[in-house]
Amino acid sequence: MANDYKDSNGIKRDYLKLSPENQHKAYQYMKNLLRLQRMESAMKEELKLAGIPDIASDEIEDIVCSFCHKPQSKVFRMIAGPGLSEPAYICDECVKICDEVLADEVSAANIEEGQ
């Protein structure tokens, strides 16, 4: 509905048609909406400065695992980490494989030490 207004005159006109009680509710709603828009804008800027993609944006492709290249939509969980030029991601499936590799190495080291 907000997109139906081409300028603030239409909003003012419709606002003045409301009862005083509904004017107060509409005012509170608009005030909260503006506050949320400012917070969203600040949050997007903070994410951009931190190098974290805006995952709610339609402009961004699906995040993929940096190891197996599976998209986020095909795995249970995606974990973000720091990257050199952009964030690196690892999926839960690759984490499980890494855990198995490390466990095998620990077992092999324990056998060599006689434990």
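# Exercises on a predicted chain

E93 has a relative accessible area of 31%, and is therefore classed as partly exposed. The model in which this residue is examined is a predicted one, and the exercises below work through it from E93 outward.

**Exercise 1. Determine where E93 sits and which residues it touches beyond its sequence neighbours.**

Step one is to place the residue: E93 belongs to helix α3, which covers residues 92-112. Step two is to list its contacts, and once residues up to four places away in sequence are set aside, E93 touches K70, K74 and V75. Step three is to look for polar atoms in these contacts, where the side chain of E93 is found to make a polar contact with the side chain of K70 at 2.4 Å. As a further distance to check in the viewer, the C-alpha atoms of E93 and M78 are 9.2 Å apart, although 15 residues separate the two in sequence.

**Exercise 2. Describe the order of the helices and strands, and work out how β1 and β2 are joined and paired.**

Begin with the inventory, which is three helices and two strands, arranged along the sequence as α-α-β-β-α. The two strands follow each other in that pattern, and a hairpin of six residues joins β1 to β2. Next consider direction: β1 and β2 run antiparallel and are joined by four bridges. Finally, two positions fix the register for the eye, since M78 stands opposite C91 in β2 and I79 stands opposite I90 in β2.

**Exercise 3. Identify the residues of the largest nonpolar core, and state which strand gives the largest share.**

The core has eight residues, namely I63, C65, V75, M78, Y89, I90, C91 and C94. Strand β2, residues 88-91, supplies the largest share of this core, with three residues. It helps to link this with the earlier exercises, because V75, a member of the core, is also among the residues that E93 touches; core residue M78 is the one that stands opposite C91 in β2. For the chain as a whole, 11% of the 115 residues count as buried, while the exposed surface comes to about 10000 Å², of which carbon and sulfur atoms supply 57%.

**Exercise 4. Compare the expected span of helix α2 with the distance between its end C-alpha atoms.**

Helix α2 has 31 residues, and at 1.5 Å a residue it should span 45 Å. The end C-alpha atoms lie 45 Å apart, so the two values agree. Just after the helix, G51 takes a positive phi of about 80°.

**Exercise 5. Decide whether Q23 and R35 are buried, partly exposed or exposed, and describe a polar contact of each.**

Q23 lies in helix α2, and its relative accessible area of 18% falls under the 20% cut-off, which means that it counts as buried. Leaving aside neighbours within four places in sequence, Q23 is in contact with Y15, L16 and L18, and a polar atom of the Q23 side chain lies 3.4 Å from the backbone oxygen of L18. R35 is also placed in helix α2, but its relative accessible area of 37% makes it partly exposed. The side chain of R35 makes a polar contact with the side chain of N32 at 2.9 Å. A general point helps in reading this pair: in an α-helix there are 3.6 residues a turn, so residues three or four places apart point the same way.

**Exercise 6. Examine S66 and H69, asking how accessible each is and what the phi of H69 is.**

S66 is found in the loop between α2 (20-50) and β1 (78-81), and with 36% relative accessibility it counts as partly exposed. Not counting residues up to four places away in sequence, S66 touches A88 and Y89; the C-alpha atoms of S66 and A88 are 6.0 Å apart in space, while the residues are 22 apart in sequence. H69 is found in the loop between α2 and β1, and its relative accessible area of 56% puts it over the 50% cut-off, so it counts as exposed. The phi of H69 is near 65°, which is a positive value in a residue other than glycine. As background, most residues other than glycine have a negative phi.

Terms used. Residues are numbered from 1 along each chain as its sequence is written. This is a predicted model: local features need pLDDT of at least 70, side-chain atom pairs count only at pLDDT 80 or more; totals for chains, interfaces and linings use all residues. Side-chain values use heavy atoms; hydrogens and water are left out. Buried means under 20% relative accessible area, exposed over 50%, partly exposed in between (1.4 Å probe, protein chains only). Contact means heavy atoms within 4.5 Å. The expected span of a helix is 1.5 Å times one less than its number of residues. A nonpolar core is a set of buried Ala, Val, Leu, Ile, Met, Phe, Trp, Tyr and Cys residues joined through side-chain atoms within 4.5 Å. A polar contact is a pair of N or O atoms within 3.5 Å; within protein, one must be able to donate a hydrogen and the other to accept it, and residues adjacent in sequence count only if both atoms are side-chain atoms. Two strands pair if DSSP finds at least two bridges between them. Accessible areas come from the Shrake-Rupley method with a 1.4 Å probe; for residues, only the protein chains shown count as cover.
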